[in-house]
Amino acid sequence: MNLEGLEMVAVLVVLALFVKVLEQFGLFEPVSLEDSVEDEFELSTVCHRPEGLEQLQEQTKFTRKELQVLYRGFKNECPSGIVNEENFKQIYSQFFPQGDSSTYATFLFNAFDTNHDGSVSFEDFVAGLSVILRGTIDDRLNWAFNLYDLNKDGFITKEEMLDIMKSIYDMMGKYTYPALREEAPREHVESFFQKMDRNKDGVVTIEEFIESCQKDENIMRSMQLFDNVI
Amino acid sequence: MAAGVAAWLPFARAAAIGWMPVANCPMPLAPADKNKRQDELIILNVSGRRFQTWRTTLERYPDTLLGSTEKEFFFNEDTKEYFFDRDPEVFRCVLNFYRTGKLHYPRYECISAYDDELAFYGILPEIIGDCCYEEYKDRKRENAERLMDDNDSENNQESLPSLSFRQTMWRAFENPHTSTLALVFYYVTGFFIAVSVITNVVETVPCGTVPGNKELPCGERYAVAFFCLDTACVMIFTVEYLLRLFAAPSRYRFIRSVMSIIDVVAIMPYYIGLVMTNNEDVSGAFVTLRVFRVFRIFKFSRHSQGLRILGYTLKSCASELGFLLFSLTMAIIIFATVMFYAEKGSSASKFTSIPASFWYTIVTMTTLGYGDMVPKTIAGKIFGSICSLSGVLVIALPVPVIVSNFSRIYHQNQRADKRRAQKKARLARIRVAKTGSSNAYLHSKRNGLLNEALELTGSPEDEHLTKTTSLIESQHHHLLHCLEKTTNHEFIDEQMFEQNCMESSMQNYPSTRSPSLSSHPGLTTSCCSRRSKKTTHLPNSNLPATRLRSMQELSTIHIQGSEQPSLTTSRSSLNLKADDVLRPNCKGSQITTAIISIPTPPALTPEGESRPPPSSPGSTTNIPPIGSNIVKVSAL
């Protein structure tokens, strides 16, 4: 039989339909590559449980009741026990409806995620909060330096600072008074470096940072704001 | 800000540490947390079911009842909990809203009950989560439609006397059951529509032959007769259209409505034909125009609700129909192309071009299968069979959607009709209940007075009789009593009132009318003053006693109005309105409460005597000597 063109196609279609019918009868088990996707799902629903309350009490400076309140709020928002970056950004963005807080949230996430495993567990969360809210002024300044130092090399460069500054200004959104100008972050970075960079070498080290902050009244006073947050 | 993340606010504030070193100006002061009390559990007792939650959970939404200080009104000091006398099932959803930030709508709950609860707790229904919002909106829409339906039919049945001629005409057109004239008009137009459609059909039937062996359609054989019939019908339709146009409340909107367009299209061909009879060139177009006469059949949709429902369904399923059309078109083009190329090889095939194959594809997909075009090659046959199988599927898919829409609308209409039919019975039952309650008042007045009278005489063994009515009832009756006192009128029931009106209309005293009118005020004042005098020198409790006595003799109210006709109208209006038992509605009447004393119970206070002769028993036909102006009020 001389099969040509469309006849070939027709025969192929018939064969395909035949195979489908066999599948229906269960005589033909096709090899499916879709099982692996389901395994992935299993992993993400694993729960993470924090260490006991006593251990957390030792590790942080919170009282038992404070830890309880914190955990309840944490668990409400993240039932699985850990926050990943997406979640974190989404939670933080609810506090800043006008602007775009995702970049700053990423920096925060990296600062909280001390072991850099891509997720913030309750221990990380509460450890960070303990430093900010119950630590000494120097601890807090240290923590802030850690936040600014994006690549964690011990130096804040102008580019890192510019990124941070832009992310902060992004949170303001479009509708500000006076209107945001393009150069505003850069100017702000310049003034920051003026103040902080003692030896004018273009980077700010931790010692320069702490020293300059301790000399600044405003910064010292604002650091004390965190005493009554919780 | 969602409630759930309110718990993360401390974290957000802590994260602000990143801004501090960068800031150039000092930060504002933080708000002081005045009562930094520890988070406490509060108990919410809802009809016996106890719910417990943290105080801060409730404070997440400060503009609701539970989140504000409004809940303090419900605080029960003895049990130290907040007690709400509401439905605990719905409260579960409300409390979950506070906990999770999402408000859900349970399907088993009645929509209006749910709305009431939400209104009580001060929660806007708009924040229902996406998961339940569709359901909520659907139910709400159904409810609103039903209410609107009820209101519409109510409005239709009210007889508003102040409609203008135009408005009455419009109502007659829209609702033929309002008057017999409208009904006649309705049937006449219906008849003529039928006649017109039948003539159009019969016109084309062959009606016998003419010498020359040519079959002649009836239309040409009896041309004059058909023309007359057509003229008559068009006359009627034109008149009807003009009348509707005149009566329409908004002419512009009427002109744009579908029914009026159908009317115009139905009668236009006739007029155009009148104008164009002599022109041979456009006779072809003239013939085309005659096709439009068939649109007259759509005029029947005013007469048939089923047709209207069908039209409405098709309109509401427009998107499904569009989808059906689109998918069919796609499938037709695909299969036509394939068939054309498959059959290209075979000799003498009818598949001369792709458009020519369209016909085969349509006929096959709709499973008609005329057989005027059949594929001959193997490939053609294979693809042809696939075409017919897929045709069945493509057409079968959107049809259930249309059917379910039609079914829903049809059932809605059925329910509306049934509701309207049962409405009369329902209203009658409600009226009985209402009169029952007002009769309860009148009844208990009697009993109450009796009880009070007995109390006065100091018969302690009868005291238990006073407890027959509940506290609420007695307070309600006291309220009605105060109203009576305020207005100087009294409540009686319907039959009494009608009786009195009838009697007073029968008692016609035209001769004494003028003096009666002049002395009316005097009489009134004297009566009232006497009555009020009675209240001043007698303790109040005695007055009811005397009234009671008069009541026992069943004296009636003679309410004499200055104009008799008003009595009849007011009486008839009483008949119509069910709730008019409470207030005697005669116009222009002055009701004086002349208390006719009946000396039957001897031991009661003697001063209860009122003006007319005390000795005469207060029968209904007791005509007091002073004339017709006495208004005797039965102390019901």
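# A guided tour of a two-chain model

Start at the largest nonpolar core, which holds 64 residues. Select Y92(A), L108(A), F125(A), L133(A), M161(A), F209(A) and W8(B), the members that touch the most other members of this core. Next, colour helix 6 of chain A, residues 102-112, since that helix gives the most to the core, with 7 residues. Two domains of chain A, domain 1 (64-134) and domain 2 (136-229), each supply at least three residues to this core. Keep in mind as you look around that this is a predicted model. As a general background, nonpolar side chains tend to be buried together in soluble globular proteins.

Now zoom in on one core member, F209(A). Which residues is F209(A) in contact with, leaving aside its neighbours within four places in sequence? In chain A, the list is L141(A), A144(A), F145(A), Y148(A), F192(A), M196(A) and V204(A). P21(B), from chain B, is in contact with F209(A) too. Then move to a second, separate core, made of 26 residues. I42(B), L66(B), Y105(B) and C132(B) are among its members.

## Stop two: the EF-hand stretches of chain A

Stay with chain A and select residues 100-135, 136-171 and 184-219. An unreviewed UniProt entry places the feature "domain: EF-hand" at these three stretches. Look at residues 100-135: the chain there is 67% helix and 8% strand, with its end C-alpha atoms 29 Å apart. For residues 136-171, the figures are 69% helix and 8% strand, and the end C-alpha atoms are 28 Å apart.

## Stop three: charged pairs

Side chains of opposite charge can pair when their charged atoms come close. How many salt bridges does a search of the whole structure find over all chains? The search finds 25.

Select D227(A) and R140(A) to see one of them, with the closest N and O atoms 2.6 Å apart. D227(A) sits in the segment after helix 12 (217-223) of chain A, while R140(A) is in helix 8 (residues 137-148), so this pair ties together parts that are 87 residues apart in sequence. Are these two residues buried or exposed? R140(A) is buried, at 2% relative accessible area, whereas D227(A) counts as partly exposed at 36%.

Switch to chain B and select D115(B) and K140(B), whose side chains meet in a salt bridge of 3.6 Å from N to O. This pair links helix 4 (residues 111-121), home of D115(B), with helix 5 (residues 130-157), home of K140(B), and the two residues are 25 residues apart. D115(B) has a relative accessible area of 18%, so it counts as buried, because the cut-off is under 20%. K140(B), at 32%, is partly exposed.

The next pair to select is K299(B) and E240(B), which form a salt bridge of 3.5 Å from N to O. K299(B) lies in the loop between helix 12 (283-291) and helix 13 (305-316) of chain B, and E240(B) in helix 9 (residues 223-247), 59 residues apart. Both K299(B) and E240(B) are buried. Add R244(B), D263(B) and R302(B) to your selection: together with E240(B) and K299(B), they are joined into one network by salt bridges that share partners.

## Stop four: the annotated membrane stretches of chain B

An unreviewed UniProt entry places the feature "transmembrane region" at several stretches of chain B, including residues 321-342 and 354-370. Select residues 321-342 and you will see a stretch that is 100% helix, with its end C-alpha atoms 31 Å apart. Residues 354-370 are 71% helix and 0% strand, and their end C-alpha atoms are 18 Å apart.

Inside the second stretch, pick T361(B), which lies in helix 15 (residues 354-365). T361(B) is buried, at 0% relative accessible area. A polar atom of the T361(B) side chain lies 2.7 Å from the backbone oxygen of S357(B). Beyond its neighbours within four places in sequence, T361(B) is in contact with A331(B), I332(B), F335(B), A336(B) and C387(B).

## Last stop: H481(B) and the whole of chain B

Select H481(B) in helix 18 (residues 471-487) of chain B. H481(B) counts as partly exposed, at 22% relative accessibility. Its C-alpha atom is 8.9 Å from that of F491(B), 10 residues away along the chain.

Finally, zoom out to see chain B, which has 22 helices and 6 strands. Of its 636 residues, 37% count as buried. Among the contacts in chain B between residues at least 6 apart in sequence, 67% join residues at least 24 apart.

How values were computed:
Residues numbered from 1 in each chain as written. Chains lettered and ligands numbered in written order. Predicted model: local features only at pLDDT ≥ 70, side-chain atom pairs only at ≥ 80, totals over all residues. Heavy atoms only, no water. UniProt positions renumbered as here; feature names shortened; annotations may be inferred. Helix = DSSP H or I, 4+ residues; strand = E, 2+ residues; numbered from the N terminus. Core = buried A, V, L, I, M, F, W, Y, C linked by side-chain atoms within 4.5 Å. Buried < 20%, exposed > 50% of the residue type's maximum accessible area, 1.4 Å probe, protein only. Domains from an automatic or database assignment. Contact = heavy atoms within 4.5 Å. Polar contact = N/O pair within 3.5 Å; in protein donor to acceptor, adjacent residues only side chain to side chain. Salt bridge = Lys/Arg side-chain N within 4 Å of Asp/Glu carboxyl O.
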